[in-house]
Amino acid sequence: MKIRKIIYAKTFDGMPKESDFKIVEEDLGDQLNENEFFYKSLWVSCDPYLRAYAGSYTVGKTCIPGYQLSKVVKSRNAKYPVGSLLVMQSGWRNGGKSDGSDVWYVRNDIPGNVPLSAGFGIFGMTGLTAFYGVDSILKPKAGETIVVSAAAGGIGTVVGQIGKILGCRVIGSCGSEEKIKFVKSIGFDDAFNYKTESVDDALKRLAPNGVDCYFDNVGGDFTFGVLSHMNQRGRVAICGAISLYNAKESDKRVPQLHGLMISKSLLLQGFNTPSDVNPQADKIYATLRKWTEEGKLKQYEYVTQGFDNIPKTFIEMLQGKNIGKTTVKL
Ligand SMILES: NC(=O)c1ccc[n+]([C@@H]2O[C@H](COP(=O)([O-])OP(=O)(O)OC[C@H]3O[C@@H](n4cnc5c(N)ncnc54)[C@H](OP(=O)(O)O)[C@@H]3O)[C@@H](O)[C@H]2O)c1
């Protein structure tokens, strides 16, 4: 089996460029050992963590460690027979050989009313991360106010929908007027453009009674802006810090955190998918599926086509071109 994969070709300097990536071919042969299988990638995911973890990549060697929805095409592994649909983290590649150690979830039962890419969208890392952060950290009560940053993105759109299912007031921040319109159209109570209005002004206007829960996708100055609007005993789920991933100098404001956390008795908690989330993955998946079948939860995605377009699509996501989860159909 011959496959193509995308490797890290040049050290990122700020925002990645297409020339920082290179497509290479690999011949995996035709033989499978006991427990191995060949798979074909159907969809590949473009995620911010691929930029955040670049410090651990080796130039000329590392296959960009993205995940994909794959179909098993030949198998000597009883757990993953031919035809199985798998969410795997085996890198940006259009196929491969596996012993199952890079399989995250089996997704043979995606309901008919959502696209297959939901396997790694609402039913994969995106949905499970959003659900875990809300359910296990924010623990919102009906009527409370949730703020979510990067609201029009993959995780943001799911957090907003879950917040509404739970009866909360949901306020989103995003980077364009088009995105504000979009998040309101999917049920957010309000939204603001962080590029044209300060967090402080926006939250004075949209959350005059304060913020109970903050789902943080962006970190940096934005997060400090939200913290001073938190109510007593507010909860903050630290999910991501995309505002800093391409920054050339790190943020030095950490000491200010303590004053706000102490005076407001805040709970700030980070979490990680898969390590924190996977022990609850089956339970979370069952709830997300149920809500989807009931029409309460939808998958929103930004889709491009073709393996060669993966790096370009990844850069577009970092630049904010996407609405919903960023995916590439192979
Ligand atoms: N904890 C975990 O295990 C875990 C798992 C998955 C993802 N995450 C994190 O969750 C966050 C969202 O991930 P996602 O996959 O759903 O991506 P996404 O929100 O679909 O896409 C990224 C979005 O970030 C926004 N953005 C880019 N630069 C920004 C900046 N300087 N300031 C503010 N916003 C900026 C852009 O939207 P705008 O147009 O609105 O700027 C862009 O659309 C990321 O920080 C990611 O690292 C964490």
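This passage walks through the predicted model, from its domains and ligand shell to its sheets and a handful of individual residues.

The protein divides into two parts: domain 1, made of 2-121 + 299-329, and domain 2, covering 125-270. Their C-alpha centres lie 29 Å apart. Where the domains touch, 16 residues of domain 1 are in contact with 16 residues of domain 2. On the domain 1 side, helix 1 (49-52) and strand 15 (325-329) are the elements that supply two or more residues each. That side of domain 1 comprises eight nonpolar, six polar and two charged residues.

The ligand is a good place to look next. Both domain 1 and domain 2 give residues to the shell around the ligand, so the ligand lies between them. The shell has 32 residues, of which Gly153, Gly154, Gly175, Gly240 and Gly320 come nearest. Two or more residues are contributed by each of helix 1, helix 2 (125-138), helix 3 (154-165), helix 7 (242-245) and strand 15. Sorted by class, the shell holds 14 nonpolar, 15 polar and three charged residues. Helix 1 and strand 15 thus appear both in this list of shell elements and on the side of domain 1 that touches domain 2.

Strand 15 deserves a closer look. Four of its five residues are buried, so strand 15 is largely enclosed by the rest of the structure. Strand 15 pairs with strand 3 in the antiparallel sense, over three bridges; here Trp43 has Lys329 of strand 15 as its bridge partner. With strand 14 (residues 301-305), strand 15 runs parallel and is joined by five bridges. In that pairing, Val303 is matched with Thr327 of strand 15.

Turning to another sheet, six strands form an open arrangement in the order 10-9-8-11-12-13, with parallel pairing. Strand 10 (190-193) and strand 13 (267-270) stand at the edges, and each has a single partner strand, so one side of each is left without a neighbour in the sheet. On average, and ignoring direction, neighbouring strands of this sheet are turned by 15° against each other. Within the sheet, strand 8 (residues 145-148) and strand 11 (residues 211-216) pair in the parallel sense over three bridges. One detail of that pairing is that Ile146 has Cys213 in strand 11 as its bridge partner. Helix 2 packs on the sheet and touches strand 8, strand 11, strand 12 (230-238) and strand 13. The direction of helix 2 makes about 140° with that of strand 12. Helix 2 is also among the elements that give two or more residues to the shell around the ligand.

Several loop residues add local detail. The loop between strand 2 (21-27) and strand 3 (37-45) contains Glu36, and Asn35 lies in the loop between strand 2 and strand 3 as well. Asn35 has a phi near 80°, a positive value in a residue other than glycine. With 15 other C-beta atoms within 10 Å, Asn35 is partly exposed. Glu36 has 17 C-beta neighbours inside 10 Å and therefore also counts as partly exposed. Leaving aside residues up to four places away in sequence, Glu36 touches Arg76, Asn77, Lys97, Ser98 and Asp99. Glu36 and Leu297 are 261 residues apart along the chain, and their C-alpha atoms are separated by 36 Å.

Ser265 is another residue with a positive phi, about 50°, although it is not a glycine. Ser265 sits in the loop between helix 8 (256-264) and strand 13, and with 11 C-beta neighbours inside 10 Å it counts as exposed. On the other side of strand 13 in sequence, the loop between strand 13 and helix 9 (281-293) holds Pro274. The peptide bond from Thr273 to Pro274 is cis, with omega near 15°.

Lys61 completes the set, in the loop between helix 1 and strand 4 (68-75). Lys61 is exposed, because 9 other C-beta atoms lie within 10 Å and a count of 12 or fewer places a residue in that class. From Lys61 to Asn94, the C-alpha to C-alpha separation is 17 Å, for residues 33 apart in sequence.

Key. Residues are numbered from 1 along each chain as its sequence is written. This is a predicted model: local features need pLDDT of at least 70, side-chain atom pairs count only at pLDDT 80 or more; totals for chains, interfaces and linings use all residues. Domain bounds come from an automatic or database domain assignment. Two residues are in contact if their C-beta atoms, placed from the backbone, lie within 7 Å. Ala, Val, Leu, Ile, Met, Phe, Trp, Tyr, Cys and Pro count as nonpolar, Asp, Glu, Lys and Arg as charged, and the others, Gly among them, as polar. A residue is near a molecule or strand if its C-beta atom, placed from the backbone, lies within 6 Å of it. Two strands pair if DSSP finds at least two bridges between them. Axes are lines fitted to C-alpha atoms, for helices over the stretch in contact, and angles run from 0 to 180 degrees between N-to-C directions. A residue is buried if 20 or more other C-beta atoms lie within 10 Å of its own, exposed if 12 or fewer, and partly exposed in between; C-beta atoms are placed from the backbone.
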